[in-house]
Amino acid sequence: MNIAFAEHTIELHTWENKGQMVNFLAQCEAGNLLLGENSEQERQFHTAVIRLGTAGLAQFGIGICSQGHGLTPTVLLRPNESKLLFGFNSEVVGIDLVSKQIAFTLPLDALFHAFLPLDDQNLVLVVHEIGTVALTWQGEAVWQFDEDIITNVTLEKDRLYFEFMDSSPIYLNFADMVTKTNAFAERRPAKVALVA
Amino acid sequence: MLGKATGSLQNIQRSQDMLRNLQRIGFYDDSDTRALLEDHFTQTLNNSTNILKIQDDGRIVREALLMGPLGGVKIETIWDGDRLITMKLFGGGR
């Protein structure tokens, strides 16, 4: 089955080994990129093939070498956006579909878990195992928050609620965080104890 | 680490994957393994030569080898002071 976005479609595949994946990518006539090759271990092999335009004749392939750890890579797309975001291992990679190049790479402090798009603020929350990074679609990390192993993150109005495996839940005042103007390292939001 | 995590699909899958890796090197979820892991992490924390990096938030990433009867895994751990936050296992087979 295909996933449609803008005028393109995506096909997702999983491969038994790296050789199969590389051979498949080599057949993508519009080019290909291989991500995660710097991984300490390569356990799972995934591809996303973008069929460009409604004709779908030109294929651009993106391969991911995953460390495994029981986790599956995730791709985030946005209508009318010429970028795709891939979350895997301990990083997020933005791919520009116009140049067919890596637009940015964001290393994470821990294993990637999920994307939480905030379209009205032009942000994507990147949830990793022990924290969150607020990322623009242009690849700028606006703020970050690290705590403990996260079990759930939810957004309600202007508050971001975190539940943890071993710590009490908290929320962050999201509106306060996006208006910070200090340097990145100083933008880390103060945590607020969750009031029942 | 022993397959008993709850809370989210990712946490559950991570935990089960770590247990599979431990089983491949000969460790199972029993009291002996728990005691051995406790000892391993105590030694990891107290070894000043195993620091891989210090993160921007001051947390320390350490790495150490855990040997079992059937092989070994490298365990990369993240510490906040003496508190173990999380870990990744490398090796142990697929």
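**Exercise 1. Pairing of two strands in chain B**

Determine how many bridges join strand β2 to strand β3 of chain B, and in which sense the two strands run.

*Solution.* In this predicted model, strand β2 of chain B covers residues 60–68 and strand β3 of chain B covers residues 71–80. The two are joined by 9 bridges and run antiparallel. One partnership can be named: B:A64 is bridged to B:I75 in β3(B).

**Exercise 2. The sheet of chain B and its helices**

Establish the strand order of the sheet in chain B, and identify its edge strands. Then describe how helices α1 and α2 of chain B are placed on the sheet.

*Solution.*
Step 1. The sheet of chain B is open and consists of 4 strands in the order β1-β2-β3-β4, with antiparallel pairing.
Step 2. Strands β1 (51–54) and β4 (83–90) of chain B each pair on one side only, which identifies them as the edges.
Step 3. From one strand to the next, the twist averages 25 degrees.
Step 4. Helix α1 of chain B, residues 9–24, packs on this sheet and touches β2, β3 and β4 of chain B. The direction of this helix makes about 60 degrees with that of β4(B).
Step 5. Helix α2 of chain B, residues 31–46, lies across β2, β3 and β4 of chain B, and runs at about 140 degrees to β2(B).

**Exercise 3. The two sides of a helix in chain A**

State which residues of helix α1 of chain A are buried, and explain why they line one face of the helix. Identify also what they pack against and which residue caps the N-terminal end.

*Solution.*
Step 1. Helix α1 of chain A spans residues 18–26, and its buried residues are A:M21, A:F24 and A:L25.
Step 2. Viewed down the axis of α1(A), the buried residues fall within an arc of 100 degrees, and they therefore line one face. An α-helix has 3.6 residues a turn, so residues three or four places apart point the same way.
Step 3. On the face of α1(A) turned away from the buried side are the exposed residues A:N23 and A:A26.
Step 4. The packing partners of the buried residues of α1(A) are β2 (8–15), β3 (32–35), β4 (44–52) and β5 (58–66) of chain A.
Step 5. The N-terminal end of α1(A) is capped by A:N17, with a side-chain oxygen 3.1 Å from the backbone nitrogen of A:G19.

**Exercise 4. Two residues of strand β5 in chain A**

Decide whether A:Q59 and A:G61 are buried or exposed, and list their contacts beyond four places in sequence.

*Solution.*
Step 1. A:Q59 belongs to strand β5 of chain A, as does A:G61.
Step 2. The cut-off for burial is under 20% relative accessible area. A:Q59 has 16% relative accessibility and therefore counts as buried. A:G61, at 0%, also counts as buried.
Step 3. Beyond four places in sequence, A:Q59 is in contact with A:C28, A:E29, A:A30, A:G31, A:V49, A:I50 and A:R51.
Step 4. With the corresponding sequence neighbours left out, A:G61 touches A:L25, A:C28, A:G31, A:N32, A:L33, A:A48 and A:V49.

**Exercise 5. Strand β11 of chain A and its partners**

Describe the burial of strand β11 of chain A, and state how β10(A) and β12(A) are joined to it.

*Solution.*
Step 1. Strand β11 of chain A comprises residues 123–128, and 6 of its 6 residues are buried. A:L123, A:L125 and A:V127 cover one side, while A:V124, A:V126 and A:H128 lie on the other.
Step 2. Strand β10 of chain A (residues 112–118) runs antiparallel to β11(A) and is joined to it by 6 bridges. A:F112 stands opposite A:H128.
Step 3. The hairpin of β10(A) and β11(A) has 4 residues between the strands, and A:N122 in the turn has a positive phi of about 55 degrees.
Step 4. Strand β12 of chain A (residues 131–136) is likewise antiparallel to β11(A), with 6 bridges. Here A:L125 is the bridge partner of A:A134, and the connecting hairpin passes through 2 residues.

**Exercise 6. Aromatic pairs**

Classify the ring pairs A:F112 with A:F115 and A:F162 with A:F164.

*Solution.*
Step 1. Over all chains, the structure contains 5 aromatic pairs.
Step 2. A:F112 and A:F115 are 4.7 Å apart centre to centre, with 55 degrees between the planes, and the pair is tilted. Both A:F112 and A:F115 are buried.
Step 3. A:F162 and A:F164 form a stacked pair, at 6.1 Å centre to centre and 5 degrees between the planes. A:F162 counts as buried at 0% relative accessibility, and A:F164 counts as buried at 8%.
Step 4. Ring pairs link A:F145, A:F162 and A:F164 into a cluster.

Note on methods. Residues are numbered from 1 along each chain as its sequence is written. Chains are lettered from A and ligands numbered from 1 in the order in which they are written. This is a predicted model: local features need pLDDT of at least 70, side-chain atom pairs count only at pLDDT 80 or more; totals for chains, interfaces and linings use all residues. Side-chain values use heavy atoms; hydrogens and water are left out. Two strands pair if DSSP finds at least two bridges between them. Axes are lines fitted to C-alpha atoms, for helices over the stretch in contact, and angles run from 0 to 180 degrees between N-to-C directions. Contact means heavy atoms within 4.5 Å. Buried means under 20% relative accessible area, exposed over 50%, partly exposed in between (1.4 Å probe, protein chains only). The arc is that of the directions from the helix axis to the C-beta atoms. A polar contact is a pair of N or O atoms within 3.5 Å; within protein, one must be able to donate a hydrogen and the other to accept it, and residues adjacent in sequence count only if both atoms are side-chain atoms. Rings of Phe, Tyr and Trp (its six-membered ring) pair if their centres lie within 6.5 Å; planes under 30 degrees apart count as stacked, over 60 as edge-to-face and the rest as tilted.
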